[in-house]
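Me: I should like to learn how to read the features of a protein model, step by step. Please give the general idea where there is one, and then the case at hand.

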Amino acid sequence: MVDAPARAAHCCEQMRHQLDFRCAEHADPFDCPDALIVYAEKFDEYGLIVHDGGPSYVVIAYCPWCGARLPESQRDRWFDEIEALGLDPSDTDTLPEKYRSAAWRMPAASP
């Protein structure tokens, strides 16, 4: 599932507007035909929603509105780290809390 939009800065006002869109009829953006784009904070990736009845999206590298280069997806790195820990990525109940959000990408705090 895709995380709620991060409060971090996005590339342009239109991107922010699209990510902040909330439909009065559909709680899930994947159910709303007016929702166009998602941001997966855990993977730091943007995607165009595929309205096929599920939580599918196509990862994009450039903003459709301003053309800015978007961050490189961290999806492969996330799976590599999960695999290195010997965990099953599909078993979300056993994942350490930090791997359920963007926390895993943040530098460790200094003592």
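Reply: The turns below take up strands, hairpins, a helix, a polar side chain and aromatic rings. Please keep in mind that this is a predicted model.

Me: Let us begin with a single strand. Which way do the side chains of β1 point, and are they buried or exposed?

Reply: In a regular strand, side chains alternate between the two faces of the sheet. In β1, I37 and Y39 point one way, whereas V38 and A40 point the other way. All four of these residues are buried.

Me: How does one read the pairing of strands, and how many bridges join β1 to β2?

Reply: One looks at the direction of the strands and at the residues that face each other. β1 and β2 run antiparallel and are joined by four bridges. As an example of the register, I37 has L48 of β2 opposite it.

Me: In what sense do β2 and β3 pair?

Reply: Strand β3, residues 56–60, pairs with β2 in the antiparallel sense, over five bridges. Here G47 has V59 of β3 as its bridge partner.

Me: Which residues in the two hairpins take a positive phi?

Reply: Most residues other than glycine have a negative phi, and most peptide bonds are trans. The hairpin of β1 and β2 has four residues between its strands, and D44 there takes a positive phi near 50°. D44 has this positive phi although it is not a glycine. In the hairpin of β2 and β3, five residues lie between the strands, and G53 in the turn has a positive phi of about 95°.

Me: Is D44 buried or exposed?

Reply: D44 lies in the loop between β1 and β2. Its relative accessible area is 15%, so D44 is buried, the cut-off being under 20%.

Me: I turn to the helix α1. Which of its residues are buried, and where do they lie around the axis?

Reply: Helix α1 spans residues 13–20, and M15, Q18 and L19 are buried in it. These residues cover an arc of only 95° around the axis, which puts them on the same side of α1. To see what this side faces, one follows its contacts: the buried residues of α1 pack against β1 (37–40) and β2 (45–50).

Me: How should I read the charged residue E45, and is it buried or exposed?

Reply: One takes the location, then the accessibility, then the partners. E45 is found in strand β2, and at 1% relative accessibility it counts as buried. The side chain of E45 makes a polar contact of 2.5 Å with the side chain of S73. Another polar contact, of 2.3 Å, joins the side chains of E45 and R75. Beyond its neighbours within four places in sequence, E45 is in contact with several residues, including V38, Y57 and V59.

Me: Where is I60, and what does it contact?

Reply: I60 belongs to strand β3 and counts as buried at 14% relative accessibility. Outside its neighbours within four places in sequence, I60 contacts I37, Y46, G47, L48 and L70. From C-alpha to C-alpha, I60 and E45 are 7.7 Å apart in space, and they are 15 residues apart in sequence.

Me: How many aromatic pairs does the structure hold, and how is their geometry read?

Reply: The structure holds five aromatic pairs. The reading rests on the distance between ring centres and the angle between planes. For Y39 and Y46, the centres are 4.7 Å apart and the planes stand at 45°, so this pair is tilted. Both Y39 and Y46 are buried. For F43 and F79, the centres are 6.3 Å apart and the planes stand at 20°, so this pair is stacked. The pair of F43 and F79 links distant parts of the chain: F43 is in the loop between β1 and β2, and F79 is in helix α2 (residues 75–84), 36 residues apart.

Me: Which of these terms, buried or partly exposed, applies to F43 and which to F79?

Reply: F43 counts as buried at 8% relative accessibility. F79, at 35%, counts as partly exposed. Ring pairs also link F43, W78 and F79 into a cluster.

Me: Finally, which charged residues lie over rings?

Reply: K42 lies over the face of W78, 4.6 Å from the ring centre. The charged end of R69 sits over the ring of Y62, at 5.2 Å from its centre.

Methods
Residues are numbered from 1 along each chain as its sequence is written. This is a predicted model: local features need pLDDT of at least 70, side-chain atom pairs count only at pLDDT 80 or more; totals for chains, interfaces and linings use all residues. Side-chain values use heavy atoms; hydrogens and water are left out. Buried means under 20% relative accessible area, exposed over 50%, partly exposed in between (1.4 Å probe, protein chains only). The arc is that of the directions from the helix axis to the C-beta atoms. Contact means heavy atoms within 4.5 Å. Rings of Phe, Tyr and Trp (its six-membered ring) pair if their centres lie within 6.5 Å; planes under 30 degrees apart count as stacked, over 60 as edge-to-face and the rest as tilted. A charge sits over a ring if NZ of Lys or CZ of Arg is within 6 Å of the ring centre and within 35 degrees of the ring normal. A polar contact is a pair of N or O atoms within 3.5 Å; within protein, one must be able to donate a hydrogen and the other to accept it, and residues adjacent in sequence count only if both atoms are side-chain atoms. Two strands pair if DSSP finds at least two bridges between them.
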